[in-house]
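This report goes through one protein chain and its ligand. It begins with surface area, then turns to the strands, and ends at the ligand.

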Amino acid sequence: MWKKALNHSQKKSHYVAVIGGSVSGSEAAAMLADQGVRVVVIDQNALPYGKLEDGLPKWHHNLRDKQERDIDQKLDHDRVRFIPNMKIGKDFGFKDLVDLGFTAVILANGAWKDRPLPVPGIEKFRDKELIYQNDLLKWYNHYHEPGYKGKRYKVQDKAVIIGGGLASLDVMKIVMMELVERALKEKLGKDLIVNQFELEKKGIDKYLLQFDIKYEDLGIEGATLVYRRQAKNMPLKQPQGGTQEAKEKAQIVSQRILDNYKKKFRFHFIPEATPIDYIEEDGKLKGLVLQKLRTLDNGKLKKIEGETITVYTNQIISSIGSIPEKIEGIPYDGDSIKTEGDDSISRVSGYTNVFAIGNAVTGKGNIKTAKEHGSMVTQKLLDNYLQKNTQAFDMELEAYNEEIRQKTDIKIAEIFKQLFDKAAPDDVTVDHIWEVSKTYQDRVGYKDYQSWIETHRPVRYEEVIAKKKAEKN
Ligand SMILES: Cc1cc2nc3c(=O)[nH]c(=O)nc-3n(C[C@H](O)[C@H](O)[C@H](O)COP(=O)(O)OP(=O)(O)OC[C@H]3O[C@@H](n4cnc5c(N)ncnc54)[C@H](O)[C@@H]3O)c2cc1C
């Protein structure tokens, strides 16, 4: 057993598993593969594009396409094996994966769960009068696809959106654009082609000029954004540095961004308020009770005793942040993955060789940050463990190795039996990981990266609009 572990390190046949193939996962995979490491990239979805497909609103199609091409280049690599449609924690246990004997396991699984709205009892309205941001975005980005089978939503006038970050402004834009499209079709006929990409670019008033209709003629009352602080405190612009001056400049820009959005998309804004209760009639949610707050100079919030606002609405959309979906076997500190060491290594607590990168740990929904964090941790992994200092890593792993190798042999033997209905070869080694991972690709009919991507890339909104236009002419 021990001999095998030594052989493994002497041969430097390092295998790394990456959970999640999107921005941060693909960055890590390519860096490792370029240095001779074999990488198994596992994604829960058919495509490895993560939030670029299901989060980033579809009007950002240029950014999406550019980033997706970048991921393709990184994953279409001889030393990368992409396994689609496998959800770790559901289709394959996390601990089982670790026990396979990978030199390292990297969690690049992003933040796919909405932070629950902290109003006691409100969850019973979920997917009825209460919608969460991640669900809404997934629907919005894909509902135009022929054969779309996901959840369906109908945006309501006077919807209330809870949140304050850039994503909540995206949610607001979706709501207002959907309302405008529906109202326009009611007025001018169902066949009218409304191009939401143009609507998003121009804003509501400018877009309506071509129809000779004013926003006021559409009969829309408009949605409302509720934020717990003031507009200037919204995290819409990050301060350039830590000085008071930089902070104040960022606040002015944040205020300006919100004002521009309000003008362009015609919504209402309630600052310094947070939901504490709901109004229910005949089993339906009919409104929200908001507690008034005051933002103190030190940034803290103070409840204004006895002051509440009641807002009547048939729809609440919660956009108060995303957190990682919990996977059995991974330790958490509240909602966050529990890690040790600073951000530059993000080693998952309780494991010698499990690391976390990207949105899963940065808490920032930003492509650049996800990529940079993925790159920083992977570089450290390469420098400290996989290349220059293999011996040190092996020593660190010594105790762990003894235990893991035994588990690895058992695990691989189990999988061999399961997959091929035959006993594992006597000389089973960690190199069988490569063989086993290929079998998981075969199971879903995966042949090569490019053809898999081509057959699974969804029909795009712009294609649907172009087709409709061609049919009309
Ligand atoms: C509404 C919205 C708007 C945004 N707008 C912008 C913007 O304008 N500019 C910008 O820079 N960024 C924007 N972002 C953020 C950007 O999309 C993310 O920061 C980026 O995609 C994070 O990359 P990641 O690799 O860390 O995570 P993700 O892209 O979330 O990738 C995680 C991957 O892990 C997979 N996965 C998850 N769990 C499992 C599991 N259990 N097993 C296997 N696979 C799993 C997922 O399928 C996914 O492919 C926006 C996000 C949202 C939601």
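Accessible areas here come from the Shrake-Rupley method with a 1.4 Å probe. The model is predicted. On that definition, the chain exposes about 23200 Å², and carbon and sulfur atoms supply 47% of this area. Of the 473 residues in the chain, 51% count as buried. Among contacts in the chain with a separation of 6 or more, 67% are between residues 24 or more positions apart. The secondary structure comprises 17 helices and 19 strands.

**Strands**

An open sheet is formed by 3 strands in the order β10-β11-β12, and their pairing is antiparallel. The edges are taken by β10 (273-281) and β12 (301-312); each has a single partner strand, so one side of each is left without a neighbour in the sheet. On average, neighbouring strands of this sheet are turned by 25° against each other, direction ignored. Strand β11 (residues 284-295) is joined to β12 by 8 bridges. Within this pairing, Arg294 has Lys302 of β12 as its bridge partner.

Strand β13 (residues 316-319) takes part in parallel pairing. With strand β6 (residues 130-132) it shares 3 bridges, in the parallel sense, and with strand β7 (residues 160-163) it shares 4 bridges, also parallel. Ile316 of β13 is the bridge partner of Leu130 and likewise the bridge partner of Val160. The residues of β13 point in two directions: Ile316 and Ser318 go one way, Ile317 and Ser319 the other, and all are buried.

**Ligand surroundings**

Which residues come nearest to the ligand? Of the 34 residues around the ligand, these are Asp43, Trp112, Asn359, Asn366 and Ile367. Helices α2 (23-34), α6 (133-142), α7 (166-188) and α12 (367-386) each supply at least two residues of the shell around the ligand. Distances from polar backbone atoms to ligand atoms are listed below for three residues, among them Asn366.

| Residue (backbone N or O atom) | Ligand atom | Distance |
|---|---|---|
| Ser24 | oxygen | 2.9 Å |
| Ile88 | nitrogen | 2.9 Å |
| Asn366 | oxygen | 2.8 Å |

On its own, the ligand has 1000 Å² of accessible area, and the protein covers 91% of it. Asn366 thus appears twice in this account: as one of the residues that come nearest to the ligand, and through a backbone N or O atom 2.8 Å from a ligand oxygen atom.

Notes:
Residues are numbered from 1 along each chain as its sequence is written. This is a predicted model: local features need pLDDT of at least 70, side-chain atom pairs count only at pLDDT 80 or more; totals for chains, interfaces and linings use all residues. Side-chain values use heavy atoms; hydrogens and water are left out. Two strands pair if DSSP finds at least two bridges between them. Axes are lines fitted to C-alpha atoms, for helices over the stretch in contact, and angles run from 0 to 180 degrees between N-to-C directions. Buried means under 20% relative accessible area, exposed over 50%, partly exposed in between (1.4 Å probe, protein chains only). Contact means heavy atoms within 4.5 Å. A residue is near a molecule or strand if one of its heavy atoms lies within 4 Å of it. A polar contact is a pair of N or O atoms within 3.5 Å; within protein, one must be able to donate a hydrogen and the other to accept it, and residues adjacent in sequence count only if both atoms are side-chain atoms.
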